[in-house]
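I opened a new page for this protein. These entries record what I looked up, one topic at a time.

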Amino acid sequence: MNPDAHTLWRAPMWALSVLLACLSMLGPFAIDTYLPAFTGIAASVDATPLQMQQTLSIYLIGFAVMSLFHGALSDSFGRRPVVLWGVAVFAVASAGCALSQTIGQLVFFRLLQGLSTGAGIVVSRAVIRDMFPPADAQRVMSQVTIFFGAAPAIAPIIGGLLFVHAGWHAIFWFLTAVGVALWIANWKLLPETLHLGARQPFKVRHLLRGYWQMGSSGRFVLLALASGIPFNGMFLYVLSAPVFVGEHLGLAPQQFFWFFLFTIGGIMGGAWWSGRLAGKLPPQRQIRRGFRVMVSVSIVNVIANALMPAQAWWALPLISLFSFGWALMVPVVTLMVLDLVPERRGMASSMQSCLAASANALVAGLLAPLVMHSTLLLALASMGLMSIGLASWLWVKPRLPIVA
């Protein structure tokens, strides 16, 4: 961590957690706020459902690609400039979406949004580890996860209200306002947390060597998969929500909030409990507990969907418990990834985010359309994604310099 960390932030630490959480919320807001307006946007710009799906896929692709560079740039030029430039571009891109008259224009500005939002998520993780020792960093990471978890629940509600009362353009003007407000807040409040002595030279060869070292490190890649892939076991249901909630569970549009309430409630509960366990429970034991919850829930979910039609009274609590298990372990695994390469935490956060975003894009573009029309296939796919994360963790655990 930065040796001068105690002098960089004078306000209460919860305030820094809120600031970093708001940066992390940009991504979910950019995805979930406009989802309720899909049909309205399609009618307005004369787009097909496939073209509208591209506005989501291109965002995820842009996010994944640029995530590789946000952290590396912050390792060379500092955390603060990368955050400010990223948020500024996001605000401009959101205004471009609001002014779009064709699906081509909307796809372009959605790509620009995706290229910019990663700055907040990637760099905020590096800032946390710059500022806090391990146990405190886990608590702050858990607090950020709590706020981050609230975004997918709040965003569709805001988007739906804006769409109904002001039209779909208002959604992107709202995101523009969020971007401007965040830029002002970070310009005034966010300190530069990267110590001058820790800055890395910005040279292409140096960057490529760093990417190669991380990408060829089994420990790094598998730890990143252990944190990111299980998330898709829950995210798969979020992506399939219109079909899963509306057709399989038979809930009316005004009842969709129950799905998000259970899902986000699980994330916030798991993140809160993870923060409570920081410094009290060895990290590997906490990760084991999180996976135990997800494995148990996945088995029950598959059996229940194989034996009976899905019903909201048992399907939604199972998704909530799965989310709880993921949020219980992910702050710990995320910090482990960053600490594998302490001299390049920004780049490590970039690689981790890129792997997670690539998985999200594959699940959104390929897996979700294949399985969303069957609750049993959804349950099996969710278990499969969780199993990839579990297998990654079981392989890498004995190779980590940490005692369980």
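**Entry 1: helix α9.** I am working from a predicted model. I began with the buried residues of α9, which are His206, Leu207, Gly210, Tyr211 and Met214. Looking down the axis of α9, I found these buried residues within an arc of 130 degrees, so they line one face of the helix. I noted the general rule beside this: an α-helix has 3.6 residues a turn, so residues three or four places apart point the same way. On the other side of α9 I listed Val204, Arg205, Leu208 and Trp212, which are exposed.

Then I asked which elements the buried residues of α9 pack against. They pack against α4 (49–77), α10 (218–239) and α15 (345–371). I also checked the length of α9, which runs over residues 204–215 and has 12 residues. From its first C-alpha to its last α9 reaches 16 Å, close to the 16 Å expected at 1.5 Å a residue.

**Entry 2: helix α6 and Arg129.** I moved on to α6, which covers residues 103–131. Its 29 residues reach 43 Å from the first C-alpha to the last, close to the 42 Å expected at 1.5 Å a residue. I wrote down that α6 is mostly covered, with 21 of its 29 residues buried.

Within α6 I picked Arg129. Is Arg129 buried or exposed? Its relative accessibility is 7%, and the cut-off for buried is under 20%, so Arg129 counts as buried. I then looked for partners of its side chain. The side chain of Arg129 makes a polar contact with the side chain of Asp339 at 2.9 Å. The side chain of Arg129 also reaches the backbone oxygen of Phe132, at 2.6 Å.

Just outside the helix I looked at Thr102, which sits in the loop between α5 (79–99) and α6. Thr102 counts as partly exposed because its relative accessibility is 37%, and partly exposed means between the 20% and 50% cut-offs. I also noted the separation of Thr102 from Ala359: 257 residues in sequence and 29 Å in space, C-alpha to C-alpha.

**Entry 3: two buried residues.** I looked up Leu23 in helix α2 (residues 13–32). Leu23 has a relative accessible area of 0% and is buried. Leaving out residues up to four places away in sequence, I found that Leu23 touches Val83, Val87, Gly120, Ile121, Leu182 and Asn186. Gly246 is 223 residues from Leu23 in sequence, and their C-alpha atoms are 31 Å apart.

Next I took Ser67, which is found in helix α4. Ser67 counts as buried, at 0% relative accessibility. With the same residues up to four places away left out, Ser67 touches Gly118, Val122, Ser350, Ser353 and Cys354.

**Entry 4: the largest pocket.** I finished with the largest pocket, whose volume is about 1100 Å³. How many residues line the largest pocket, and which lie nearest its centre? The lining has 37 residues, of which Leu35, Pro36, Ala241, Pro242 and Phe256 lie nearest the centre. I listed the elements that give two or more residues to this lining: α2, α3 (38–45), α4, α7 (134–166), α10, α11 (241–248), α12 (257–277) and α15. The largest share of the lining, 6 residues, comes from α7.

Key: Residues are numbered from 1 along each chain as its sequence is written. This is a predicted model: local features need pLDDT of at least 70, side-chain atom pairs count only at pLDDT 80 or more; totals for chains, interfaces and linings use all residues. Side-chain values use heavy atoms; hydrogens and water are left out. Helices (H or I, at least four residues) and strands (E, at least two) are DSSP runs, numbered from the N terminus. Buried means under 20% relative accessible area, exposed over 50%, partly exposed in between (1.4 Å probe, protein chains only). A polar contact is a pair of N or O atoms within 3.5 Å; within protein, one must be able to donate a hydrogen and the other to accept it, and residues adjacent in sequence count only if both atoms are side-chain atoms. The expected span of a helix is 1.5 Å times one less than its number of residues. The arc is that of the directions from the helix axis to the C-beta atoms. Contact means heavy atoms within 4.5 Å. On a 1 Å grid over the protein atoms alone, a cavity is a set of points where a 1.4 Å probe fits but cannot get out, and a pocket is an open set with protein on both sides within 12 Å along at least five of seven lines; lining residues have an atom within 4 Å of a point. Grid points are joined across faces, edges and corners, and a volume is the space filled by probe spheres set on the points.
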